[in-house]
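Thank you all for making time this morning. I would like to walk you through one structure, going from the whole chain to a single sheet and then to a few individual residues.

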Amino acid sequence: MTSKMRQCGVRVDMTLTPALMKTHPHLCFLSPLRERIRGEGASSSEREKGRGGFFNAECGRAMIIALVAIIVLTFSGTAHAMLTAKANHDHITIDFFYHGSTVGVKGVSDAGRDLVIKITSPEGHQVMKQKGKVAGALWMNVGTLTFENTPNMYEVFSTKKVDDILTPEERAKHTLGYAALAEHVVVSPVTNVVDKAQWFGEFIKFKEASNLYKTDFGKIEMKDLPDGHQEYYIQTQWPYQAAPGEYLVSVYAVKDGKVVEQAESHVKVEQVGMVKTLATMAKDSAALYGFLSVGIALSAGFGVGLVFRKGGGSH
């Protein structure tokens, strides 16, 4: 629907399509206003009034409303949240000399906000060997446990303890902290809550020993800015055990126990050079990779024998 304001010497075209009214419901008031401005069906006496102060007042109000609507439409698409996030080492390359790296996360948030930073890989399933006593004496593998909905890497940093700044519902919603992750993970075959808690605890110990899981608080550096906002920064050791892939860095601004803003960044870990060539060969040409590996091992053994051989005699 189109509203044209000509009586004031100014023409403003405002098309309110169904999609626009759906995305901006606060502009629906312009629909009845259009009929009032257009004056269709008005009597001659009413049009005569339009030449006086009454119509001029109505016209002035209509112009102000139309201008406000235009401003809202102009700036609503460019408005953005205050919280920002940026990983300063967002592309990690794995070569023969790779042994881990460091990643820093920094950004700006509103003042007075607590922050939670989560670094995760995509979720998948992981399998662990289940050990138990056989014949009451020997510890052996007695089965396997599958952990569904688990990221291979999971790190959470916060300004304070996550349990102290977020409600249980918010922690579960955003999977923040081991307790929330335990509710999110499915362990099978497990028949009761006690067994699940036990095996999930063992899973966490294994992941922490592999430097792939970590939770910590109080390590985020905060700095007040002159404009009333705050700047944050944290640096973490990137474990060499982290597999190649895309990792998500999520930053949450917290107020009154709830997440009020969220920002994201990404870290890409990629194999390069000969490491990538060998990994591709192992995946796509397993037989060739096997022969090559045996050949390299034999050559290395022969070389070591030459280095340590002394005169061909025994000692």
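Among the contacts in this protein between residues at least 6 apart in sequence, 67% join residues that are at least 24 apart. Please keep in mind throughout that what you see is a predicted model. Its secondary structure comes to ten helices and 15 strands, and of the 315 residues in the protein, 33% count as buried. As for the outside, the protein exposes about 19500 Å², and carbon and sulfur atoms supply 59% of that area.

Let me turn to the sheet that I would like you to find on the screen. It is an open sheet of six strands, arranged in the order 4-15-14-6-9-11, and the pairing within it is mixed. Its edges are formed by strand 4 and by strand 11, which covers residues 213-217, and each of these two pairs on one side only. From one strand to the next, the twist averages 15°.

Within that order, what are the partners of strand 6, and in which sense does strand 6 pair with them? On one side, strand 6 is joined by seven bridges to strand 14, residues 245-255, and the two run antiparallel; here D114 stands opposite V254 of strand 14. Strand 6 also pairs with strand 9, residues 154-158, over five bridges and again in the antiparallel sense, and in this pairing V116 stands opposite S158 of strand 9. As a reminder for anyone new to sheets, strands pair through backbone hydrogen bonds, either parallel or antiparallel.

How covered is strand 6 itself? The strand spans residues 114-120, and seven of its seven residues are buried. In a regular strand the side chains alternate between the two faces of the sheet. In strand 6 both faces are covered, since D114, V116, K118 and T120 on one side are buried, and so are L115, I117 and I119 on the other.

A residue in the neighbouring strand fits into this picture, namely S250, which has its place in strand 14. S250 counts as buried because its relative accessible area is 3%, under the 20% cut-off. Leaving aside its neighbours within four places in sequence, S250 is in contact with V116, I117 and K118, and also with Q262, A263 and E264.

Let me now move to the surface, where F96, F97 and M274 form a nonpolar patch with about 430 Å² of accessible area together. Is F96, which belongs to this patch, buried or exposed? F96 counts as exposed, because its relative accessibility is 59%, over the 50% cut-off, and F96 is found in the loop between strand 4, residues 91-94, and strand 5, residues 101-110.

Finally, I would point you to G201, which is found in helix 8, residues 193-209. With a relative accessibility of 26%, G201 counts as partly exposed, because this value lies between the 20% and 50% cut-offs. G201 and A182 are 19 residues apart in sequence, and in space they are 8.9 Å apart, C-alpha to C-alpha.

Technical notes. Residues are numbered from 1 along each chain as its sequence is written. This is a predicted model: local features need pLDDT of at least 70, side-chain atom pairs count only at pLDDT 80 or more; totals for chains, interfaces and linings use all residues. Side-chain values use heavy atoms; hydrogens and water are left out. Helices (H or I, at least four residues) and strands (E, at least two) are DSSP runs, numbered from the N terminus. Buried means under 20% relative accessible area, exposed over 50%, partly exposed in between (1.4 Å probe, protein chains only). Contact means heavy atoms within 4.5 Å. Accessible areas come from the Shrake-Rupley method with a 1.4 Å probe; for residues, only the protein chains shown count as cover. Patches are made of residues with over 30% relative accessible area and no salt bridge: like charges are joined within 9 Å, nonpolar side chains (Val, Leu, Ile, Met, Phe, Trp, Tyr) within 5 Å. A salt bridge is a side-chain nitrogen of Lys or Arg within 4 Å of a carboxyl oxygen of Asp or Glu. Two strands pair if DSSP finds at least two bridges between them. Axes are lines fitted to C-alpha atoms, for helices over the stretch in contact, and angles run from 0 to 180 degrees between N-to-C directions.
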